[in-house]
Amino acid sequence: MTQELVHQVDMNNIRSFVVVPSLPAPLEKLRELSQNVWWTWHPAAADLYRRLDLDLWERVGHNPVALLSTISQRRLEQAARDSAYMAQYSRVIDAFAMYVRSAGWCQETQPDAAGGTIAYFSAEFGLHECLPIYSGGLGVLAGDHLKSASDLGLPLVGVGLIYRHGYFTQQITDDGWQRDVFPTYDFHQWPGTLMRGADGAAVHIRVPLGRETLVAQVFRVDVGRVQLYLLDADVPENPPEFRAVTSRLYDSDHDVRIRQEILLGIGGYRALERIGLEPTVCHMNEGHSAFLALERIRQFMARHRLNFQEAREAVFSSGVFTTHTPVPAGIDMFAPKLVEHYLSGIADEMGVSMSEILALGREDPARQEQPFCMAILALRNAYHVNGVSELHGDVSRGMWRTCWPNLPKEEVPITHVTNGIHTRTWLGRRMSELLDHYLGPGWETEPDNPEVWQRVDDIPDAELWRAKERLRERLVATVRRRMREQLRRRGAPPSDIEAADGLLDPHALTIGFARRFAPYKRAALLFRNPARLAAIINQEQRPVQFIFAGKAHPNDSAGKELLKQIFAHCQRPELHKRVLFLENYDMNLARELVHGVDVWMNNPLRLHEASGTSGMKAVANGALHMSCLDGWWPEAYDGKNGWAIGEGHLYDDPAYQDYVDSESIYNLLEREIAPLFYDRNEDNVPRSWIARIKHSLRTICPVYNTHRMVREYFNKMYLPSIRRARKMAESDFAPVRSLTTWKHHLSEAWPAVRIESVDAKVGPEMRVGDSFPVWARVHLGALRPDEVAVEVYHGTIAPSGDIGEGRKVRMRYARHESNGSHVFEADVPCEASGRRGYAVRVVPRSDEFAMRHEDGWIVWG
C-alpha cells in the first residue's frame, strides 16, 4: 500500500518535455512542412512522407509529425542519400516556399481589405484525418473554407477547440450495434504548435465561468497562408470538470456544452487578443461561438468608452453568422438559470442586467420562460446572416421569421451562400492527372472559372473511363481490406475473413451512401422493398453494388437503431456480397469513397438537408449524383447532370413519402442508371455515361467549390463589413454614438406612429401594365417625414391570404396635415395577372440604419 502511494506521488511530479527527430541536414525542411497542413492538398508533399515508410505512414494515420517522430534514423539518412527522393523533396519545398511567400487574389485585387482581419469561429474543423477535431460536414466545410481562404490570400484566421478525445472512433459489434470509442490523443504528435510567450511559457488565457475561472492554452495550426488557433482546457491549472471542457466534441451534457461554447466564443476572442490580433470581422460558423458577441461588446465598452448599446451597434456592424441547421431540434438551447450561472460575471463587468443578456437569446425578449437560443444570439449580433443553399436560405427565413414578427418571409434578412468543396483536397490522383493534362493548371488555381471546365470535352472518352475504372478497382481493394480488418477485430472465423476477398465486383456499377446516421437522412430507404432491391443488384448482365458508411451521434439512439437496421440488411444472404457497411467513417474513408464510386446517393427528407457537400466531392471525381431535391441539388440539377429522386413533393404521411421516394430510386436504377452504365460500344466504353459525366463536370465543378464560396463571402459580407466597421470607428466612434442616439429617439417616438387611412383608385379588374394611385395618411408624432419610409407592399395573394412574392414601392411625401399627420402617395404597377393585393407600411429610414426592421419598428395599415 505504501509503495503504491509513493509511486502515485512520483507520477504526479513528472515533468514533461518533448523530443523531436534529428533530421539529416538535407531533410530539415520536412519538419517545417509537416507542421503546415498545406501538404494535405498537395499530393506530392504528402508523398515525401509516404515514400519514407508506406506501412508506417498507414499505421500513424497519414500523420507526418507522428511519422517523423517514429521512423528510424537510418531510414532518414537513406532518404537523404537517395537522389530521386531528394529531387522530389527539392521540388516540393520550393513550391511550398513560393506558395507561402506569394500574394493571393485578395492581396492583388482587393486593396480595401488590407489591414483587416477576419476571424472565423467554428466548433469543429475537418482539415485531415490526422487532426480528428471534426464530426462531419460542418467541420469539413470549415476546413475547406480555411484552405480556399489560404489559396485566395484572405486575411483570415480560424478559431476553434482542440479535443483530447476527439469525436469518437466507431466500432460495429456482431449484432450491428455502434460502440463509441474515445481514444486519448497526444497533441504533440499532431501538426500544430503550442503557442509560447517570450519567456518560453505556454500562452494562457482565462475565461470566467460563474465565480470560477477556466484556464486554456492555445495551439496554432498553419493552413497554408492562414492560421488556425485551437484552445485546450486540459491543463493542470484547471479542476477536473474544467479540464473535461475540451475532452469530447459535442458533449451532450448541458453544463459541459455551455462551458465549451463560452470557451469557444469568449475564450477564442481573448486568445486572439492575447496573441496580438484584433479582428475587424467575426464570422460565426453556426451558433456555437455566439458568446463571442458578448466578449466583443465588453471589449468595445472598455477600450472605446462606449455604453452597452453603442458597443453592441459596433459589434453588430461587423458580425457574420452562417446557420447550417434547417430544423429547430438541431439548435443549441440553454436554460436561463444555466446561462445566468455562467455569465453573471460578464454581465456585471459590462454593467448590464442578466435580463438584458438573456433577452438577446430569446425568440421573444419579453418572455422570460423561453430558453436561451445560441442561434438567436448570433442572429441578433450579426449584420450579415446566411443559409448554406438557396433552398436553405428560404427555409431559414421561415424558421426564424418569429424574430421579425411583422415582416414578410421574403424580407427576413437572411440570404444564402451555397456551400462548396476545396476541389484540390478531394480530387483523386488519377482524376487530377487527367485534368492536369487536358485542362491545364486552371482547374486547381481557378476552380471557379467556368471556361476552364469547358475543356473536359477535350478528354478522350476512353481515357476518362479508364481513370474511373482504376479508381473503382482501388476502392474495391480498399473495401475488401477494411472488411477483413473489421471481421478480424470482431473475432470472425478465418473462412469469413478469407471470403471478404470476394466481396464486390471491381467492374460493377458502384453506388456510395455515406453520412451522419440521423433519421432524416433516411439511410434505410433503399431497403424498403428488399426483394426488389435484391433483383436489381443481382441482375446478371447489369449488377449493382452499394457501399454504406457513417456514424450516429453517441447519444442518438434512433440513429444507432437505424445503423443496426442497415447492418442487418447487409447480412442478408441475397444482399451481403453486394451491399456492405464500412465502419469508422472519417475523411480518409470519405476520400476513398468519393474517388471510386460511380454514383453518389443522397435521399434526405426534403427541407431537412441544409446543403450537403459529399455529392460535390464525388462529382469532381467523375461520379454522378442521385439525390432528392434538397440542399444544394435543386439549384445544381439541370435534368442531365445526374438524377433527381422524386419530384420535390412533400406528403403529410411519412410512410407514403418513403414509399414514393424509394420507388423513385428503384425505377431510376432499373430504367435509367444501370442501362446507361452498361450500354457499351465495341471498345467497352459507355459513351452516353461518359457524356453525362462530362456535362456534370462542366456544370457543377465551377460553381460548387469553396473558391467561389469564399469569394462570395468576401464580396457580399467580409469586405462590406470591413468597410462598415471602419466607418463606424471614425472620429472615436462618432457614427456609432449618433446612430445609437437616433435609435433611442426612434424607440421613444415609434409607439405614436400609425396609419390613419389608405385610399386608392383601383377597379375590380385591372390589366397587366396598368397602375393605380394610392394615398396614405400617416401619423408620425415626433418623427419627421424624412426619418421614415412609407411603402406600398404588393404582390400575389397566396392561399393563406398573405401577400406572396411581394414587392415594395416607396411612397412620395405629398403634404403635411394637422396634429402630426402626413400624406404620402405612390403609383402601384400591375405587373402580373391573377389575384393581387397590397398593404401600406411604415418603417424607419436612416443612411446609417441597418434596415433590419428591428422588433416592433414596422407599422402596417
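Modeller: Before we start, one definition: two strands count as paired if DSSP finds at least two bridges between them. Also bear in mind that this is a predicted model.

Colleague: Fine. In what sense do β10 and β13 pair, parallel or antiparallel?
Modeller: Strand β10 covers residues 319-322, and DSSP puts three bridges between β10 and β13. The cut-off is at least two bridges, so the two strands count as a pair. One of the contacts sets Phe321 against Val385 in β13. The sense of the β10 and β13 pairing is parallel.

Colleague: Which residue of β14 stands opposite Gly387?
Modeller: β13 also pairs with strand β14, residues 415-416, in the parallel sense over two bridges. Two bridges meets the at-least-two cut-off, so this counts as a pair. Opposite Gly387, in β14, stands His416.

Colleague: Which helix sits in the β-α-β unit with β13 and β14?
Modeller: β13 and β14 are parallel partners. The unit they make with the helix is right-handed. The helix spans residues 390-399, and its name is α17.

Colleague: Which residues of β13 point the other way from His384 and Asn386?
Modeller: In a regular strand the side chains alternate between the two faces of the sheet. Strand β13 runs over residues 384-387, with His384 and Asn386 pointing one way, and all the residues on both sides are buried. Pointing the other way are Val385 and Gly387.

Colleague: Moving on to the open sheet with β24 in it: which strands are its edges?
Modeller: The sheet has four strands in the order β24-β23-β27-β28, with antiparallel pairing. An edge strand pairs on one side only. That description fits β24 (803-810) and β28 (859-860).

Colleague: What is the bridge partner of Val842 in β28?
Modeller: Strand β27, residues 836-844, pairs with β28 in the antiparallel sense. The pairing runs over two bridges, so it meets the cut-off of at least two. Val842's partner in β28 is Val859.

Colleague: How many bridges hold the β22 and β26 pairing?
Modeller: β22 (residues 771-779) pairs with β21 (residues 754-760) over six bridges, antiparallel, and Val758 stands opposite Ala776 there. β22 also pairs with strand β26 (residues 821-829), again in the antiparallel sense. In that second pairing Trp775 has Glu825 as its bridge partner. The bridge count for β22 and β26 is nine.

Colleague: Now the rings. What kind of aromatic pair do Phe677 and Trp689 form?
Modeller: The model holds 31 aromatic pairs. For Phe677 and Trp689 the centres are 5.1 Å apart and the planes make 85 degrees. Rings pair within 6.5 Å and planes over 60 degrees apart count as edge-to-face, so this pair is edge-to-face.

Colleague: How many residues apart are Phe677 and Trp689?
Modeller: Phe677 sits in helix α29 (residues 654-677) and Trp689 in helix α30 (residues 687-700). Both residues are buried, and both belong to a ring cluster that also includes Trp465, Trp643 and Tyr678. Along the chain their separation is 12 residues.

Colleague: And Trp860: what is its relative accessible area?
Modeller: Trp860, in strand β28, pairs with Tyr793 in strand β23, 67 residues apart. Their ring centres are 5.8 Å apart with planes at 85 degrees, so that pair is edge-to-face. Tyr793 is buried at 2%. Trp860 counts as partly exposed, with a relative accessible area of 30%.

Colleague: Does the interior have gaps? What is the volume of the largest cavity?
Modeller: There are five cavities of 30 Å³ or more. The largest has 13 lining residues, with Arg606, Gly648, His649, Gln657 and Asp661 nearest its centre. By class, that lining splits into five nonpolar, four polar and four charged residues. The volume is about 70 Å³.

Colleague: Which helix gives the largest share of the lining of the second largest cavity?
Modeller: This cavity has a volume of about 60 Å³. Its lining divides into six nonpolar, two polar and two charged residues, including Arg257, Gln260 and Glu261. Four lining residues come from one helix, residues 254-274, and that helix is α11.

Colleague: Last one: is Glu129 buried or exposed?
Modeller: Glu129 lies in the loop between β1 (118-121) and α9 (137-152). Its relative accessibility is 12% and the cut-off is under 20%, so Glu129 counts as buried.

How values were computed: Residues numbered from 1 in each chain as written. Predicted model: local features only at pLDDT ≥ 70, side-chain atom pairs only at ≥ 80, totals over all residues. Heavy atoms only, no water. 1 Å grid on protein atoms, 1.4 Å probe; cavity = no way out; pocket = protein on both sides within 12 Å on 5 of 7 lines; lining within 4 Å. Points joined across faces, edges and corners; volume = space filled by probe spheres on them. Nonpolar A, V, L, I, M, F, W, Y, C, P; charged D, E, K, R; others polar. Buried < 20%, exposed > 50% of the residue type's maximum accessible area, 1.4 Å probe, protein only. Right-handed = clockwise from strand over helix to strand, strands pointing away. Phe/Tyr/Trp six-rings, centres within 6.5 Å; stacked < 30°, edge-to-face > 60°.
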